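Please work through the following exercises with the sequence and the model side by side. Each task is followed by a solution in steps.

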Amino acid sequence: MLTVHAVGGEPMVAAAVRGAAAGAEDAGLAPPVIAAVTVLSSQGGAPLAPPTSLASLAIAAGARAVVVSGGDVGPGAGGRG
């Protein structure tokens, strides 16, 4: 499993997915799962984009998992709950 920062955008996440798959194929291995991290708890200030938007973007780009705070997506958070 590899993690990438979803805030890098769809092109960056897609490039990570493609690059990891190509490297794994060259090594004769199964491609790793790419997990996109939406917002870092150490990141100060307001997030650059809503965590749910970042998660959706990452999945659309080929990430197979996302790391997001339950508080950002749970009931009453305005997310997908």
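The exercises below concern a predicted model and proceed from the overall fold to individual residues.

**Exercise 1. Determine how many helices and strands the chain has, and in which order they run.**

Step 1. Assign the secondary structure: the chain contains three helices and three strands.

Step 2. Read the elements from the N terminus onward; the order is β-α-β-α-β-α.

Step 3. Consider the chain as a whole. Of its 81 residues, 25% are buried. The exposed surface amounts to about 4,800 Å², and carbon and sulfur atoms supply 60% of this area. Among contacts with a separation of 6 or more, 58% are between residues 24 or more positions apart.

**Exercise 2. Describe the sheet: establish the strand order, the pairing and the edge strands.**

Step 1. Arrange the strands. The three strands form an open sheet in the order E1-E2-E3, with parallel pairing. E1 and E3 are the edge strands, as each of them pairs on one side only. From one strand to the next, the twist averages 30 degrees.

Step 2. Examine the pairing of E1 with E2. Strand E1 (residues 2-5) runs parallel to E2 and is joined to it by four bridges. Within this pairing, Thr3 is opposite Ala35 of E2, while His5 has Val37 as its bridge partner.

Step 3. Follow the connection between these two strands. The chain passes from E1 through H1 to E2 in a β-α-β crossover that is right-handed. H1 lies across both E1 and E2, and its direction is at about 160 degrees to E1.

Step 4. Turn to the other side of E2. Three bridges join E2 to E3, again in parallel; here Val37 faces Val67 of E3.

Step 5. Inspect the faces of E2. Ile34 and Ala36 are buried on one side, and Ala35 and Val37 are buried on the other, so that both faces of E2 are covered.

**Exercise 3. Identify the buried residues of helix H2 and state where around the axis they lie.**

Step 1. List the buried positions. In H2 (residues 51-60) they are Pro51, Thr52, Leu54, Ala55 and Ala58.

Step 2. Locate these positions around the axis. They span an arc of only 160 degrees, and therefore lie on the same side of H2.

Step 3. Relate this to helix geometry. An α-helix has 3.6 residues a turn, so residues three or four places apart point the same way.

Step 4. Find the cover. The elements over the buried residues of H2 include helix H1 (10-26), strand E2 (34-37), strand E3 (65-67) and helix H3 (70-73).

Step 5. Look just past the end of the helix: Gly62, which comes just after H2, has a positive phi of about 110 degrees.

**Exercise 4. Decide why Thr38 counts as buried, and establish which residues it is in contact with.**

Step 1. Place the residue: Thr38 belongs to the loop between E2 and H2.

Step 2. Apply the cut-off. Buried means under 20% relative accessible area; Thr38 has a relative accessibility of 5% and therefore counts as buried.

Step 3. Identify the contacts, leaving aside neighbours within four places in sequence. Thr38 is then in contact with Ala6, Pro51, Leu54, Ala55, Val67 and Val68.

Step 4. Connect this result with Exercise 3: Pro51, Leu54 and Ala55 are among the buried residues of H2.

Definitions and conventions: Residues numbered from 1 in each chain as written. Predicted model: local features only at pLDDT ≥ 70, side-chain atom pairs only at ≥ 80, totals over all residues. Heavy atoms only, no water. Buried < 20%, exposed > 50% of the residue type's maximum accessible area, 1.4 Å probe, protein only. Arc of directions from axis to C-beta. Contact = heavy atoms within 4.5 Å. Pairing = 2+ DSSP bridges. Right-handed = clockwise from strand over helix to strand, strands pointing away. Areas by Shrake-Rupley, 256 points an atom, 1.4 Å probe, with all protein chains shown as cover. Axes fitted to C-alpha atoms, helices over the stretch in contact; angles between N-to-C directions.
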